[in-house]
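Thanks for sharing this one. Here are my notes, set out as numbered points so that you can check each against the coordinates.

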Amino acid sequence: MEAVRAGGEGLGPEDAAAGRRAEIEDVLREVAHPDVECLMFGPNRSFPLEAHGIEGFIEAWGDWLSPFDRWRMELEDVIESGDRVVTLVRQYAHPRGSRAEVANAGGAVWFMRDGRLSRVEFHLDRQAALRAGGVG
């Protein structure tokens, strides 16, 4: 459980780019398998962005967040289901060049193996995250 919380906290556009990159790498090295898989799904699982390894995880986040000047997330719920943990989040972002804030109710599925993170799927569609986690 702590691995999930540590692996998913506060990675925003500026963090993925530089600011906290070393700190994030250190946390991921503590909680994740070196070959961790990271998948990001848009609406209706239409365009999975797939990355492998800790470096790939961080680069994928940088790509995913690149359209935004600011991004933040609020953790709303954590559901444990065997070797999976589903986190339900609300994301807020400001697209580059805009003052408008957009919000989304999404989720992630964290797959654990031997007490370490082996795979994570980020979903814009909360129901898709619940289904992937076997709880919806």
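1. A word on terms before the sheet: two strands are taken to pair if DSSP finds at least two bridges between them. Please also keep in mind that this is a predicted model. With that in place, 6 strands make up an open sheet with mixed pairing, in the order β2-β1-β6-β5-β4-β3. β2 (49-52) and β3 are the edge strands; each has a single partner strand, so one side of each has no neighbour in the sheet. On average, neighbouring strands are turned by 20 degrees against each other, direction ignored.

2. Stepping back to the whole chain, the secondary structure amounts to 5 helices and 6 strands. Read from the N terminus, the elements follow the pattern α-α-α-β-β-α-β-β-β-β-α. The chain has 136 residues, and 44% of them count as buried. Among contacts with a separation of 6 or more, 47% are between residues 24 or more positions apart.

3. At one end of the strand order, β1 and β2 pair in the antiparallel sense over 4 bridges. One bridge you can look up joins methionine 40 to leucine 49, the latter in β2. Two helices then deserve a look against the sheet. α3 packs on the sheet, where it touches β1 and β6, and its direction makes about 110 degrees with that of β1. α4 packs on the sheet too, touching β1, β2, β3 and β6, with its direction at about 25 degrees to that of β1.

4. Does the geometry of α4 agree or disagree with that expected of a helix? At 1.5 Å a residue, the 13 residues of α4 (residues 53-65) should span 18 Å, and the end C-alpha atoms are 18 Å apart, so the two agree. Buried positions in α4 are Gly53, Ile54, Gly56, Phe57, Ile58, Ala60, Trp61, Trp64 and Leu65.

5. Now the interior. The largest nonpolar core has 24 residues, and Cys38, Trp61, Val120 and Phe122 are those with the most contacts inside it. At least two residues of this core come from each of α3, β1 (32-41), α4, β3, β4 (84-95), β5 (102-113) and β6 (116-123). α4 gives the largest share, 7 residues.

6. Valine 120 is worth selecting on screen. Setting aside neighbours within four places in sequence, valine 120 is in contact with Glu37, Cys38, Leu39, Phe57, Ala108, Val109 and Trp110. A second, separate core of 7 residues includes Val109, Phe111, Ala129 and Ala132.

7. Is glutamate 25, in helix α3 (residues 21-31), buried or exposed? Its relative accessibility is 15%, and the cut-off for buried is under 20%, so glutamate 25 counts as buried. Leaving out residues up to four places away in sequence, glutamate 25 touches Ile54, Glu55 and Ile58.

8. Another polar residue to check is histidine 123, in strand β6. Histidine 123 is buried, with a relative accessible area of 3%. Its side chain makes a polar contact with the side chain of glutamate 121, at 3.0 Å.

9. Lastly, valine 78 sits in strand β3 (residues 68-81). With a relative accessible area of 22%, valine 78 is partly exposed. From valine 78 to valine 89 the separation is 11 residues in sequence and 9.1 Å in space, C-alpha to C-alpha.

Definitions and conventions: Residues are numbered from 1 along each chain as its sequence is written. This is a predicted model: local features need pLDDT of at least 70, side-chain atom pairs count only at pLDDT 80 or more; totals for chains, interfaces and linings use all residues. Side-chain values use heavy atoms; hydrogens and water are left out. Buried means under 20% relative accessible area, exposed over 50%, partly exposed in between (1.4 Å probe, protein chains only). Contact means heavy atoms within 4.5 Å. The expected span of a helix is 1.5 Å times one less than its number of residues. A nonpolar core is a set of buried Ala, Val, Leu, Ile, Met, Phe, Trp, Tyr and Cys residues joined through side-chain atoms within 4.5 Å. Axes are lines fitted to C-alpha atoms, for helices over the stretch in contact, and angles run from 0 to 180 degrees between N-to-C directions. A polar contact is a pair of N or O atoms within 3.5 Å; within protein, one must be able to donate a hydrogen and the other to accept it, and residues adjacent in sequence count only if both atoms are side-chain atoms.
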